[in-house]
Structures are given as C-alpha cells and as structure tokens.
Amino acid sequence: MAHDFAAQILEGSNRAAARLISWLEDEDERAYECMKEIYPHTGRAFVVGITGSPGAGKSTLTNALAREIRQSGLKVGILAVDPSSPFTGGALLGDRVRMSDLADDPDIYIRSMATRGFLGGMAKAASDVVKVLDALGKDVIVIETVGVGQDEVDIVGVADTTCVVLVPGLGDAIQSMKAGIMEIADVFVINKADRPGADMLCAEVSARIEMDAHLRERGWVAPVNKSVAVEGVGVHELWLSIEAHRKYLFDSGRFYESRREKIAKEALRMIHGELFRVVREQLEQSGRLDAAVEKLMNKKLDPYTLMRDTLTEWLSSSQCKRRHDEDTKG
Ligand SMILES: Nc1nc2c(ncn2[C@@H]2O[C@H](COP(=O)(O)OP(=O)(O)OP(=O)(O)O)[C@@H](O)[C@H]2O)c(=O)[nH]1
Ligand SMILES: [Mg+2]
C-alpha cells in the first residue's frame, strides 16, 4: 500500500503528495511507512527560505520568485508556514488568494501549514513536507515563514539558502538583526523599495554586514537586494543572488557540510521527539507524573533525581522487555 502510494508521489502526483502531507499532519501511521519509501529519493531539491516580519511582503515575493524560477523551466514547491492560528485564518486565506494565479501550473505545488498543533515541532513538520515535495520532483522548494521566534528560525534551518526580507520604515530592522537575523541571512532583500527609506535601510544593512567581521569569515558576504514585490521589480536579481549562493555552497564544499549538519540535527531531533513522547506517555498514563509532581511540590523529591531515575528505570525496563520478547520468540 505504502509502496504504491510512494510510487505515485515519485511519479509526480500532486494528489498523492497532498494526501501524504495530511497523514503527516494527523500523525497517521501510514505517513511513516510512506516516508520510509520516499526517503532514498530525497535530497535533490534546492531549498530556499524566505523569512521576515509579518506583512513584509514574503508571500508576494515568494509568488513572484516562483514565477521567475518557473521561467528557467525548474519545478517549484512552495511551503507557506502560517503563523496566525491552527485554523484557516485570515493570513492563510490571503496567501491562497494571492498565490491562486500560480495554482493552474501543475509544476508548482503550494502548501500552507499552520504553526500550532504540531507535536513533533514545526521544524520537523517543515522538513517532512520538504521531503515530500522533493520526492514529488520539485527542483526548488521555497519555504515562507515569519521570522520572529525560535520555531521559525528552526524552520529556516531546513533551507539551503535563507533570504531575510526587511522593509523600510518598520523600525525593527536593527532589532531583528540583534535577534540573530544577521547569522541566518545568506541574502538580504529590502522589499517595498517603493517606500521612502529603502536606500537608507540598504546602506544600514550593508554597513552592519561590513562590521561583522566574523560573518565574513564564512567566505560568503550576504548581498543586499532591493525589490518591489508587487510589481515584480528586483525579483530576477533576487533569484540571481540565490543562484550565486547556491554556486558558492557547491564550489566551497559547504553544501555537503551543511546538508550533513542538517541531517544529523534532524535525526537527533526526531529521536528526541520520539523518546520524549514515549516516556511522557508512560509517565502520564501510569499516573506517576502526578505523583512525582506532588513530591516535587513538597520538596520530597528534586527534578534532577527524577530526571536520572526516570531514564535509568525506562532503560532497564525496555531492556527487560526486549529480553522478554527475544525469549518468547526463541
Ligand atoms: N508598497 C508595496 N507593498 C507591497 C510590496 N510587496 C508586498 N506589498 C503589500 O504588502 C502587504 C503584505 O504582503 P504579503 O505578501 O502578504 O506579506 P507577508 O510577509 O507574506 O505577510 P504575512 O504572511 O502575513 O506575514 C500586501 O498588501 C502586499 O500587497 C511592495 O514591494 N511594495
Ligand atoms: Mg505571507
């Protein structure tokens, strides 16, 4: 079943991909079977992250960029991570409306995802969806996400090239730079360049890049682009910057290195998530968590001891179980 389904995705069926993504969202067991099948066929697509403040024009830019990328014959997948709510809220609907003119092109696949309610965390959800789009045969995958919290920064960690969108007049440019934006940006885009202050912001960001000597050590200096996304101005140049970064990654060997880091991080993240889920389930269902919390409250127990004891106990009980399973099998 999973095999046939995976085959459909590998043949490029958007419908099959949509179904698999729904399974992933529902944590349906069938999703894992299918993901195992498609995994060997992933890792081929180039992943671009578009992040920035709410309303910076990320969706408009993503839309225009997708169109630009399609012109070179490449297939595009778009993942819009919606910050607003787990419900089909305003922004999600807005994205749909603005991107609807792309929806007729079968070589563009657009998927929205709400940021709340994912047990395994957003970064896992995003990298799962990226894998599906990759297996589906998309050459470039664009992830749009609001750059505010750690969750979003983690999502961007899935991308090969991260574009940070800034807007003149918001006054938070320097603020966001402090919040680690400088470190994650491979390419800067000053969008809404039709507004006053764009040149000044451009100069400000460039000066900041100059200042950060340790950023320059990376061997790549983030270019600062300007765009008017609503008019498609500067989008071609943005794509050229992304391609230049891609070339840098390959030529310098950073691509391999960075993918390796991502895979290691992802593997650990998944194991961490699953271990936590299993242990928590056991503690909660047996009522032991409540009992332990009671003791913690009364200072009859400390969380350090609880942490170690829980782990030791869990490890020995799962070893016992394995031995038991082996015994009964043999
Ligand atoms: N003046 C001007 N307006 C723009 C430009 N790009 C986008 N906008 C407008 O800015 C508003 C927000 O654009 P979106 O593309 O939805 O921005 P976003 O960053 O995706 O917004 P969220 O996903 O809600 O965070 C829309 O009304 C756009 O039409 C631009 O270059 N210039
Ligand atoms: Mg948007």
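Student: Where is K192 found in this predicted model?

Tutor: Start with its backbone: K192 has a positive phi of about 60° although it is not a glycine. As for its place in the chain, K192 is found in the loop between β6 (187-190) and α9 (198-211).

Student: Is K192 buried or exposed?

Tutor: Count the C-beta atoms around it. K192 has 24 others within 10 Å, and the cut-off for a buried residue is 20 or more. So K192 is buried.

Student: And E27, buried or exposed?

Tutor: E27 lies in the loop between α2 (14-25) and α3 (29-38), and its phi is near 55°, a positive value in a residue other than glycine. For the count, E27 has 12 C-beta neighbours inside 10 Å, and 12 or fewer is the cut-off for exposed. So E27 counts as exposed.

Student: What percentage of the chain do buried residues make up?

Tutor: Let's get the overall picture first. The chain has 14 helices and 7 strands, and it runs to 330 residues. The buried ones make up 35%.

Student: Which domains give residues to the largest nonpolar core?

Tutor: That core has 72 residues, and those with the most contacts inside it include I9, L79 and F188. Its largest share, 9 residues, comes from helix α6 (residues 122-135). The core lies between two domains because both give residues to it: domain 1 (1-41) and domain 2 (43-252).

Student: V142 has many contacts in that core too, so which residues is V142 in contact with, leaving aside neighbours within four places in sequence?

Tutor: V142 is indeed among the core residues with the most contacts inside it. It belongs to strand β4 (residues 140-146), where 7 of 7 residues are buried. Leaving aside the neighbours within four places in sequence, its contacts are V48, I50, T62, L65, A66, V76 and I78.

Student: Which residues point the same way from β4 as V142?

Tutor: In a regular strand the side chains alternate between the two faces of the sheet. In β4, I141, I143 and T145 point the other way from V142, and they are buried too. On the V142 side, you also find V140, E144 and V146.

Student: How many bridges join β1 to β4?

Tutor: Check both ends of the pairing. F46 stands opposite V140, and T51 stands opposite T145. Strand β1 (residues 46-52) and β4 run parallel, and the number of bridges joining them is 7.

Student: Why is β1 largely enclosed by the rest of the structure?

Tutor: Look at both of its faces: F46, V48, I50 and G52 point one way, V47, G49 and T51 the other, and all are buried. Besides β4, strand β5 (residues 161-166) is joined to β1, by 5 bridges, and runs parallel to it; there, I50 stands opposite C163. β1 is largely enclosed because its buried residues number 7 of 7.

Student: Which element gives the most to the shell around ligand 1?

Tutor: The ligand is surrounded by 17 residues, and the closest are G57, K58, S59, T60 and A229. Two elements give two or more residues to that shell, α4 (58-71) and α5 (90-99). With 3 residues, the one that gives the most is α4.

Student: How many residues of that shell are charged?

Tutor: Split the shell around ligand 1 by type. It has 7 nonpolar and 6 polar residues, and the charged ones number 4.

Notes
Residues numbered from 1 in each chain as written. Chains lettered and ligands numbered in written order. Predicted model: local features only at pLDDT ≥ 70, side-chain atom pairs only at ≥ 80, totals over all residues. Core = buried A, V, L, I, M, F, W, Y, C linked by C-beta atoms within 7 Å. Helix = DSSP H or I, 4+ residues; strand = E, 2+ residues; numbered from the N terminus. Domains from an automatic or database assignment. Contact = placed C-beta atoms within 7 Å. Near = placed C-beta within 6 Å. Nonpolar A, V, L, I, M, F, W, Y, C, P; charged D, E, K, R; others polar. Pairing = 2+ DSSP bridges.
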